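Here is a friendly walk through one protein model. Keep the picture open and look up each residue as it comes along.

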Amino acid sequence: MSINGREFNCSSLARHYNLPYNTVLKLYRQGFRNEELIEESKRIQQLHGPVIVNGKWYPSRNAAATALKVPKTTFYDNGP
């Protein structure tokens, strides 16, 4: 695929943009391409990555919810 005039395969795209390869590959197989693939990969990475709540680091939103004994949905945006 071509992004900003540069050719990438899934592996090189994941390395270049510091994204999880498995996420990039899964999205590619689902039909995401180019900038859309990058943006969706970043969005997913944000949802599943670490989170800091009240100055304390947690490896994921689910871990934070469990430790703080709040519903997991507390950490997910359900839109406007």
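Asn4 is exposed, with a relative accessible area of 71%; exposed means over 50%, buried means under 20%, and partly exposed is in between, using a 1.4 Å probe and protein chains only. You'll find Asn4 in the loop between strand 1 (2-3) and strand 2 (6-7). Its phi is near 50 degrees, which is a positive value in a residue other than glycine. Helices (H or I, at least four residues) and strands (E, at least two) are DSSP runs, numbered from the N terminus.

A word on where this comes from: the model is predicted, local features need pLDDT of at least 70, side-chain atom pairs count only at pLDDT 80 or more, and totals for chains, interfaces and linings use all residues. Residues are numbered from 1 along each chain as its sequence is written, and side-chain values use heavy atoms, with hydrogens and water left out.

Back to phi. Asn18 also has a positive phi, about 55 degrees, although it is not a glycine. Asn18 sits in the loop between helix 1 (10-16) and helix 2, and at 62% relative accessibility it counts as exposed. Two further positive values turn up right after helices. Here they are together:

| Residue | Place | Phi |
|---|---|---|
| Asn18 | loop between helix 1 and helix 2 | about 55 degrees |
| Gly31 | just after helix 2 | about 105 degrees |
| Lys69 | just after helix 4 | about 55 degrees |

Now for the helices. Two packed helices are described by the angle between their axes and the distance between the axes. How do helix 2 and helix 3 cross, and at roughly what angle? The axes of helix 2 (residues 21-29) and helix 3 (residues 34-48) come within 10 Å and cross at roughly 130 degrees. Axes here are lines fitted to C-alpha atoms, for helices over the stretch in contact, and angles run from 0 to 180 degrees between N-to-C directions. Helix 2 and helix 3 are therefore oblique to each other. For that word, angles under 35 degrees count as roughly parallel, over 145 as roughly antiparallel, 65 to 115 as roughly perpendicular, and the rest as oblique.

Which residues do the touching? Thr23, Val24, Leu27 and Tyr28 in helix 2 meet Leu37, Glu40, Ser41 and Ile44 in helix 3, where contact means heavy atoms within 4.5 Å. Sorted by type, the residues of this contact divide into five nonpolar, two polar and one charged. In that sorting, Ala, Val, Leu, Ile, Met, Phe, Trp, Tyr, Cys and Pro count as nonpolar, Asp, Glu, Lys and Arg as charged, and the others, Gly among them, as polar.

Look at helix 2 by itself and you'll see that its buried residues are Thr23, Val24, Leu25 and Leu27. They pack against helix 1 and helix 3.

On the helix 3 side, try Ser41. Is Ser41 buried or exposed? At 0% relative accessibility, Ser41 counts as buried. Not counting residues up to four places away in sequence, Ser41 touches Leu19, Thr23, Val24 and Leu27. Arg15 is 26 residues from Ser41 along the chain, and their C-alpha atoms are separated by 12 Å.

Leu37 lies in helix 3 too, and it counts as buried at 0% relative accessibility. Leaving aside neighbours within four places in sequence, Leu37 is in contact with Met1, Leu13, Val24, Leu27, Tyr28 and Phe32. The C-alpha atoms of Leu37 and Arg61 are separated by 23 Å, with the two residues 24 apart along the chain.

In the loop between helix 2 and helix 3 there's Arg33, which counts as partly exposed at 33% relative accessibility.

Last stop: helix 4 (residues 61-68), where Arg61, Ala64 and Ala65 are buried. They cover an arc of only 100 degrees around the axis, which puts them on the same side of helix 4; the arc is that of the directions from the helix axis to the C-beta atoms. What covers these buried residues includes helix 3, strand 3 (51-53) and strand 4 (56-58).
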